[in-house]
Amino acid sequence: MKGRKAAVKSVAGALKKVPKPPGDLSPGAQAVWRSELPALVHAEKIAHHELPLFKSYCSATARIDEAQAEIDKHGLLIMSASGELKRNPATTIQKEAIALQARLATEFGISPASRGKNERFIDDEDAPPGVAL
């Protein structure tokens, strides 16, 4: 369904403290968890049952950087087994991760499109990285 999304307000059962990142997250995804989850917890915008979705957001965000590192290392085009140039598969991985990250960021009110949902963030320092109030 398209159209305006409902504002993200304080959620019922909101977390009161930031849990440790799951051990099965990559180091990059754990860094995203540590940098972005505290602001959501402080603003009472995430509940325990939403952590698996946030975990997916962290993984997608880290995957964007991982794919970019592969693109930087091997280039946009790579040589196929038959000797022809073809698109680096990392570009597809990155494209899919960007799309997933954007959808999930909107769910948590931390994307540019959902900045209006952030009325519970007190100031720029309280908001997640990249969310200016």
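Asn 88 counts as buried because its relative accessibility is 6%, where buried means under 20% relative accessible area, exposed over 50% and partly exposed in between (1.4 Å probe, protein chains only). The model is predicted: local features need pLDDT of at least 70, side-chain atom pairs count only at pLDDT 80 or more, and totals for chains, interfaces and linings use all residues. Residues are numbered from 1 along each chain as its sequence is written, and side-chain values use heavy atoms, with hydrogens and water left out.

**Asn 88 and helix H3**

Asn 88 is found in the loop between strand S2 and helix H3; helices (H or I, at least four residues) and strands (E, at least two) are DSSP runs numbered from the N terminus. At the start of H3, a side-chain oxygen of Asn 88 comes to within 2.9 Å of the backbone nitrogen of Ala 90. Among the residues that Asn 88 touches (heavy atoms within 4.5 Å), not counting those up to four places away in sequence, are Glu 70, His 74 and Ile 78.

Helix H3 (residues 89–107) has 19 residues and reaches 28 Å from its first C-alpha to its last, close to the 27 Å expected at 1.5 Å a residue; the expected span is 1.5 Å times one less than the number of residues. The buried residues of H3 include Ala 90, Gln 94 and Leu 104, and the buried residues of this helix pack against H2 and strand S2 (85–87). Just after H3, Gly 109 takes a positive phi of about 75°.

**The aromatic pair and the core**

Three aromatic pairs are found in a search of the whole structure. Rings of Phe, Tyr and Trp (its six-membered ring) pair if their centres lie within 6.5 Å; planes under 30 degrees apart count as stacked, over 60 as edge-to-face and the rest as tilted. The rings of Trp 33 and Phe 54 form an edge-to-face pair, because their centres are 5.6 Å apart and their planes stand at 65°. This pair links distant parts of the chain, 21 residues apart.

| Residue | Helix |
|---|---|
| Trp 33 | H1 (residues 27–42) |
| Phe 54 | H2 (residues 51–74) |

Both Trp 33 and Phe 54 are buried, and they form one aromatic cluster with Tyr 57 and Phe 108.

The largest nonpolar core, a set of buried Ala, Val, Leu, Ile, Met, Phe, Trp, Tyr and Cys residues joined through side-chain atoms within 4.5 Å, has 18 residues. Trp 33, Leu 37 and Phe 54 are among those with the most contacts inside this core. H1, H2 and H3 each supply at least two residues of the core, and H1 gives the most, with six residues.

Methods:
Polar contact = N/O pair within 3.5 Å; in protein donor to acceptor, adjacent residues only side chain to side chain.
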